[in-house]
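Notebook open, coffee ready. Today I want to look at how the chains meet one another.

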4 protein chains.
Amino acid sequence: MIILNGGSSSGKSGIVRCLQAVLPDPWLTFGCDSFVDALPAKLQTSDGGIVFAADGGVSVGAEFRALEAAWTEGIAAMARAGAKVVVDDVFLGGAASQQRWQQALNGLAVLWVGVRCESRVAAGREVARGDRVQGMAASQADVVHEGVFYDLEVDTTRTESMVCARTIAAHVI
Amino acid sequence: MIILNGGSSSGKSGIVRCLQAVLPDPWLTFGCDSFVDALPAKLQTSDGGIVFAADGGVSVGAEFRALEAAWTEGIAAMARAGAKVVVDDVFLGGAASQQRWQQALNGLAVLWVGVRCESRVAAGREVARGDRVQGMAASQADVVHEGVFYDLEVDTTRTESMVCARTIAAHVI
Amino acid sequence: MIILNGGSSSGKSGIVRCLQAVLPDPWLTFGCDSFVDALPAKLQTSDGGIVFAADGGVSVGAEFRALEAAWTEGIAAMARAGAKVVVDDVFLGGAASQQRWQQALNGLAVLWVGVRCESRVAAGREVARGDRVQGMAASQADVVHEGVFYDLEVDTTRTESMVCARTIAAHVI
Amino acid sequence: MIILNGGSSSGKSGIVRCLQAVLPDPWLTFGCDSFVDALPAKLQTSDGGIVFAADGGVSVGAEFRALEAAWTEGIAAMARAGAKVVVDDVFLGGAASQQRWQQALNGLAVLWVGVRCESRVAAGREVARGDRVQGMAASQADVVHEGVFYDLEVDTTRTESMVCARTIAAHVI
């Protein structure tokens with residue numbers, strides 16, 4: 001199992017698609033975006049759910065956390081059932097977020113990968129992609145890495161997604 | 001847990017979003033579309049993966065089946081961890097597809113829902129939505145229900161998604 | 001040229017795709033959605049642009065109106081240059097919106113089509129599609145038709161997009 | 001008016017969104033992607049339309065060319081009606097494609113911008129974005145620039161979209 005952690009617009013999804021292309025076996029991918037898509041729309045306008053503020057801030061509540069915990073257990077179960085899984089996540093809680101994954105993944109081999117991108121560059125890419133609230137990239141760029149340990153870090157500021165993916169793949173095969 | 005089974009363009013996704021809106025608790029949703037999104041792109045051009053033919057036919061191979069089995073285990077694990085989950089699937093294998101779910105969901109309370117839509121109407125909606133290979137709706141409309149048992153059936157031919165969702169929700173609450 | 005007018009979630013886009021499929025010649029399509037996609041993102045958070053309120057209300061300002069007028073001239077020019085064009089629009093200004101199109105389309109043959117859908121049903125479909133602010137469908141269902149004249153009206157409340165498209169196509173060929 | 005020309009996955013759309021953000025006035029944007037979206041779906045499976053081959057090759061036929069010519073006239077008319085317009089296109093015909101635009105834009109001030117990206121890098125980004133047929137980026141990277149003249153060239157190989165956009169904007173204001 002591979003877990004990528006990085007802020008919004010740091011380039012996680014692009015790396016994941018490149019990883020799926022270069023790794024010889026087929027890997028499933030899940031992440032915070034697909035989890036949010038699985039939630040009821042009404043949780044995006046409720047304090048218990050996930051609220052995206054106009055300034056790029058993201059806050060999550062109790063209902064979100066409860067469903068996320070069950071989802072995490074499910075992803076772990078897929079890996080235990082034999083699937084190779086790459087997850088991309090945004091550790092809004094830093095070290096605490098990583099601990100939640102560690103508990104769920106107990107006994108599984110995990111490669112922890114930090115995806116860095118300079119805040120200023122990520123903010124520019126956020127404008128370029130055009131489908132995110134402005135400000136998320138800058139507000140998350142550093143905080144998601146606080147207290148988190150990695151087996152490997154990549155930095156997309158000056159390195160292409162495909163090159164980052166090849167670096168990660170070399171640790172897996 | 002709720003499992004909806006129906007052919008392409010029968011209206012499953014619309015019913016799921018209405019269900020998430022009318023059910024008082026927050027329900028997670030997963031389905032064949034989100035599973036295919038989780039696969040490597042290269043599995044869509046490989047016999048071992050999932051191939052969408054130009055005539056609307058869909059065939060799946062061994063690698064697809066292996067990952068699907070692990071995914072099914074993971075969805076079951078989310079439900080066992082306390083999440084309420086609604087799945088929409090296309091039982092390309094009819095009764096055999098249902099048995100795969102039953103084995104994975106052993107011990108969980110499941111509401112099995114058949115989503116019917118007259119082939120001619122589903123084919124028209126396939127044109128109207130514009131994002132599917134023409135022919136999938138007609139080729140799947142009947143075959144996915146062969147030998148499958150349901151607690152409840154809805155028919156979107158002349159009934160709105162929201163009305164179908166309310167009917168289903170009445171069996172859950 | 002064909003112009004469809006109707007509220008949000010009344011089914012205009014589905015009818016357009018069916019029209020493009022059933023009409024023997026190739027028709028281009030443009031509409032309010034593709035126009036909004038052509039605007040700078042910042043116009044969606046500015047009083048001079050287009051603001052989607054949380055209750056489904058939509059308000060547009062002077063910059064939006066100026067660009068819309070130029071866009072309308074451009075669509076008319078495509079038709080004058082020989083393209084068959086079907087436009088789907090939301091006449092937020094009712095009769096005044098129609099007059100703006102009439103002035104731009106001066107001298108061109110236009111089929112004016114009203115797309116009706118009962119407010120309650122459109123509101124349900126708005127939930128089912130899941131990509132629109134709740135409340136737009138209900139707030140626009142009637143007001144967009146005020147004072148507007150049509151060559152033809154269709155009602156998607158109980159009629160499929162494909163059937164509506166065939167009715168419209170019969171007036172064109 | 002600004003016209004960007006570059007191969008698939010060279011980064012045109014990202015530059016356009018950044019341009020719309022940094023230019024003080026509101027600019028409309030259109031391009032080959034929005035034009036293809038305006039075509040009937042059936043033109044994507046017809047020799048007269050536009051065919052995307054499995055190897056990334058793109059071929060267009062007579063019906064496509066006729067509608068494209070009318071669309072080009074319409075974009076020119078928007079600019080003549082006072083809208084500031086930025087177009088991103090793929091000059092599959094090289095110099096001949098540019099001449100078609102020049103004839104339609106006769107009398108308008110146009111900034112011609114070439115968007116370069118090394119073939120190898122564009123091919124990697126094509127994998128990373130995940131929504132394009134593999135091979136388009138490499139097959140178009142050079143051929144679209146043959147015989148085309150520019151007021152300005154940018155290269156996204158090692159320069160961010162936002163930086164390219166600022167360079168272009170400096171020629172406009």
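**Entry 1: chain C against chain B**

I started with this pair, where the contact takes 16 residues from chain C and 16 from chain B; contact here means heavy atoms within 4.5 Å. Before going on, a note to self: this is a predicted model, where local features need pLDDT of at least 70 and side-chain atom pairs count only at pLDDT 80 or more, while totals for chains, interfaces and linings use all residues. Also, residues are numbered from 1 along each chain as its sequence is written, chains are lettered from A and ligands numbered from 1 in the order in which they are written, and side-chain values use heavy atoms, with hydrogens and water left out.

Next I looked up the buried area, which is the accessible area (1.4 Å probe) that two parts lose on being put together, summed over both. Chain C and chain B bury about 1,000 Å² between them, and 61% of that is on carbon and sulfur atoms.

How many salt bridges are there between chain C and chain B? I found two, taking a salt bridge as a side-chain nitrogen of Lys or Arg within 4 Å of a carboxyl oxygen of Asp or Glu. I zoomed in on C:Glu160 and B:Arg125, whose side chains meet in a salt bridge at 2.7 Å, N to O.

Then came the polar contacts, and the count between chain C and chain B is six residue pairs, both residues at pLDDT 80 or more. The rule wants a pair of N or O atoms within 3.5 Å; within protein, one must be able to donate a hydrogen and the other to accept it, and residues adjacent in sequence count only if both atoms are side-chain atoms.

Which elements supply the side of chain C that touches chain B? I noted α1 (12-22), α5 (119-129) and α7 (161-170) of chain C, each with at least two residues. α5(C) gives the most, with six residues. (Helices, H or I with at least four residues, and strands, E with at least two, are DSSP runs numbered from the N terminus.)

By class, I got six nonpolar, six polar and four charged residues on that side of chain C. Ala, Val, Leu, Ile, Met, Phe, Trp, Tyr, Cys and Pro count as nonpolar, Asp, Glu, Lys and Arg as charged, and the others, Gly among them, as polar.

**Entry 2: laying chain C on chain B**

I checked the superposition, done by least squares on the C-alpha atoms of residues with pLDDT of at least 70 in both copies. A turn of 180 degrees and a shift of 0.0 Å along the axis lays chain C on chain B with an RMSD of 0.0 Å. In chain C, the C-alpha nearest that axis belongs to C:Arg158, 3.7 Å away from it. The copies meet through the same surface, because 100% of the interface residues of chain C are also interface residues in chain B.

**Entry 3: chain B against chain A**

Over to the other partner of chain B: here the contact takes 28 residues from each of chain B and chain A. They bury about 2,000 Å² between them, 73% of it on carbon and sulfur atoms. I counted zero salt bridges between chain B and chain A, but ten residue pairs are in polar contact across their interface.

On the chain B side, α1 (12-22), β2 (28-31), α2 (32-38) and α3 (62-80) each supply at least two residues. α3(B) gives the most, with nine. The residues on this side divide into 20 nonpolar, three polar and five charged.

Chain B lies on chain A with an RMSD of 0.0 Å after a turn of 180 degrees and a shift of 0.0 Å along the axis, which means a two-fold axis relates them. The C-alpha of B:Gly74 is the nearest to that axis in chain B, at 2.1 Å.

**Entry 4: pairs that miss**

Chain A and chain C do not touch, and their nearest C-alpha atoms are 7 Å apart. Chain B and chain D do not touch either, with their nearest C-alpha atoms 7 Å apart.
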